[in-house]
Amino acid sequence: MKSLQDLRHIIKEQIESNEYKALVEIHFDSEFKVTDILDQVRAFCGVIIVNAESTQRLTDRKQKVLVKVKFYAFETPVKQYLAGIVDKALSVDGIYAFRIKKVKNPNQQ
């Protein structure tokens, strides 16, 4: 029983040490609904959208939304993982920009 608790503790530590939170600004086409855009981003492996602020109109064809994202980077360095997420996001129909403003690991001091 003790070894099972130790194993759970080790797994929990590994998960928490690889958890990151980011603040992301997304610019998207006004023809698309913000919920559809966020659903596309949520579909990326390991990405969880925690909170999205209200959209802001930039031009008649362009809007932006500020999003809080949580993700787990287990096997790749964080910078490389983020570069992959940005590439995936820019390939989504309707997304013009995917700017990562801030990244932090809440479990590291």
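Biologist: Why is Lys 68 called partly exposed?

Modeller: Its relative accessible area is 42%. Buried means under 20%, exposed over 50%, and partly exposed in between, with a 1.4 Å probe and protein chains only. So Lys 68 counts as partly exposed. This is a predicted model: local features need pLDDT of at least 70, side-chain atom pairs count only at pLDDT 80 or more, and totals for chains, interfaces and linings use all residues. Residues are numbered from 1 along each chain as its sequence is written, and side-chain values use heavy atoms, leaving out hydrogens and water.

Biologist: Where is Lys 68 found?

Modeller: Lys 68 is in strand E4, residues 62-72. Strands are DSSP runs of E with at least two residues, helices are runs of H or I with at least four, and both are numbered from the N terminus.

Biologist: What makes Arg 99 and Glu 25 a salt bridge?

Modeller: Their closest N and O atoms are 3.6 Å apart. The rule asks for a side-chain nitrogen of Lys or Arg within 4 Å of a carboxyl oxygen of Asp or Glu. So the pair qualifies. Arg 99 lies in strand E5 and Glu 25 in strand E1, so the salt bridge ties together parts that are 74 residues apart in sequence.

Biologist: Are these two residues buried or exposed?

Modeller: Glu 25 has a relative accessible area of 10%, so it is buried. Arg 99, at 41%, is partly exposed. Glu 25 and Arg 99 also belong to a network of salt bridges with Lys 64 and Lys 101.

Biologist: How do you know that E1 and E5 pair?

Modeller: Two strands pair if DSSP finds at least two bridges between them. E1 and E5 have 8, in the antiparallel sense. So they pair. One of the bridge partners is Arg 99, set against Glu 25. E1 also pairs with E4, antiparallel, over 11 bridges. There, His 27 stands opposite Lys 64.

Biologist: What makes Asp 29 and Arg 61 a salt bridge?

Modeller: The N to O distance is 2.9 Å. That meets the rule, so the pair counts. Asp 29 sits in strand E1 and Arg 61 in the loop between E3 and E4, 32 residues apart. Asp 29 is buried at 7% relative accessibility, while Arg 61 is partly exposed at 40%.

Biologist: Which helix holds the salt bridge of Arg 42 with Asp 39?

Modeller: Helix H2, residues 34-42. The closest N and O atoms are 2.7 Å apart. The two residues are 3 apart in the helix, so about one helical turn separates them.
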